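Hi,

Here is the structure I said I would pass on to you. Have a look at it first, and then read my notes underneath.

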Amino acid sequence: MRIISGKRRGYKLISPDGLSTRPTTDRVKESVFNIIQTRFPCALVLDLFAGSGALGIEALSRGAETAVFVDSSGASVDIIKKNLKGSGLGDSGLVFKEDSFKFLKRLRDPEFSPFAENGRQFCGFDIIFLDPPYNKGLVNKAAAEIDRLELLAEHGIIVAETEFGGESVSGDDFNIVKKAKYGKTLITVIKR
């Protein structure tokens, strides 16, 4: 697993051991970024259920100003931090060990401002990557919460990775921009 393109192209990323984390393959990651390449550069990216942080780190390499990484696993958080430091992108990443849904709710708490030290006010994410464990109902639950809390920037998108033939992205508040199948993986790009 490596950074596919951008200023840190070719850097080899590490990923958590075990079956609980399913890193996005380079082939799928390259295809995802081919679909959304016109979105770069952008200001703010969220990598929710981040695992190794590969999607957010790829976004940083391609020109995102800041990426926020959220995962409930301590091992994953440690690996994200190592990947950020090793790739030289550590100054642009904010990493949180927290339940993804609690984190989303906290973003609207006026007392919580993870972006204050960067001198910016939170105005929504330009891109949100959703890659939760497959077939547990988490993609639609997360998309609904993102919509309810108005966490997308005006022209922001959500990029969801699911298992082909498994849970699919739905919702009345979103329009599907693109769907693409890569082996057993289905990528769905949606916007409000």
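Before anything else, one term: two strands count as paired if DSSP finds at least two bridges between them. Also keep in mind that this is a predicted model, not an experimental one.

With that term in hand, take strand β2, which covers residues 66–71. Its pairing with β3 is in the parallel sense and runs over 5 bridges. If you want a spot to click on, try Val70, which stands opposite Phe96 in β3.

Now zoom out to the sheet. In what order do the 7 strands come? Going across, you get β3-β2-β1-β4-β5-β7-β6, and the sheet is open, with mixed pairing. At the edges sit β3 (93–97) and β6 (175–182), each of which pairs on one side only. From one strand to the next, the twist averages 15°.

Two helices to look for on the sheet:

- Helix α3 (residues 74–87) lies across β2 and β3, and runs at about 170° to β3.
- Helix α5 (residues 138–148) lies across β1 (44–48), β4, β5 and β7 (185–191), and runs at about 175° to β5.

Next, a residue I'd pick out: Phe49, in the loop between β1 and α2 (54–61). Is Phe49 buried or exposed? The cut-off for buried is under 20% relative accessible area, so Phe49, at 15% relative accessibility, counts as buried. Leaving aside residues up to four places away in sequence, Phe49 touches Val70, Asp71, Ser100, Phe101, Leu130, Asp131, Pro132, Pro133, Leu138 and Ala142. Val70 is the residue you just saw opposite Phe96. Another thing to check is Asp99: it is 50 residues from Phe49 along the chain, yet their C-alpha atoms are separated by 8.5 Å.

Last, the holes. How many cavities of 30 Å³ or more turn up in a search of the whole structure? The search finds 1, with a volume of about 40 Å³. Its lining is made up of Val32, Leu55, Phe129, Leu130, Asp131, Val159, Ala160, Glu161 and Ile187. The elements giving two or more residues to that lining are β4 (125–130) and β5 (152–163), and β5 gives the most, with 3 residues. By type, the lining has 7 nonpolar residues, no polar ones and 2 charged ones. Leu130 and Asp131 are part of this lining, and both are also touched by Phe49.

Have fun turning it around on the screen!

Cheers

How values were computed: Residues are numbered from 1 along each chain as its sequence is written. This is a predicted model: local features need pLDDT of at least 70, side-chain atom pairs count only at pLDDT 80 or more; totals for chains, interfaces and linings use all residues. Side-chain values use heavy atoms; hydrogens and water are left out. On a 1 Å grid over the protein atoms alone, a cavity is a set of points where a 1.4 Å probe fits but cannot get out, and a pocket is an open set with protein on both sides within 12 Å along at least five of seven lines; lining residues have an atom within 4 Å of a point. Grid points are joined across faces, edges and corners, and a volume is the space filled by probe spheres set on the points. Helices (H or I, at least four residues) and strands (E, at least two) are DSSP runs, numbered from the N terminus. Ala, Val, Leu, Ile, Met, Phe, Trp, Tyr, Cys and Pro count as nonpolar, Asp, Glu, Lys and Arg as charged, and the others, Gly among them, as polar. Axes are lines fitted to C-alpha atoms, for helices over the stretch in contact, and angles run from 0 to 180 degrees between N-to-C directions. Contact means heavy atoms within 4.5 Å. Buried means under 20% relative accessible area, exposed over 50%, partly exposed in between (1.4 Å probe, protein chains only).
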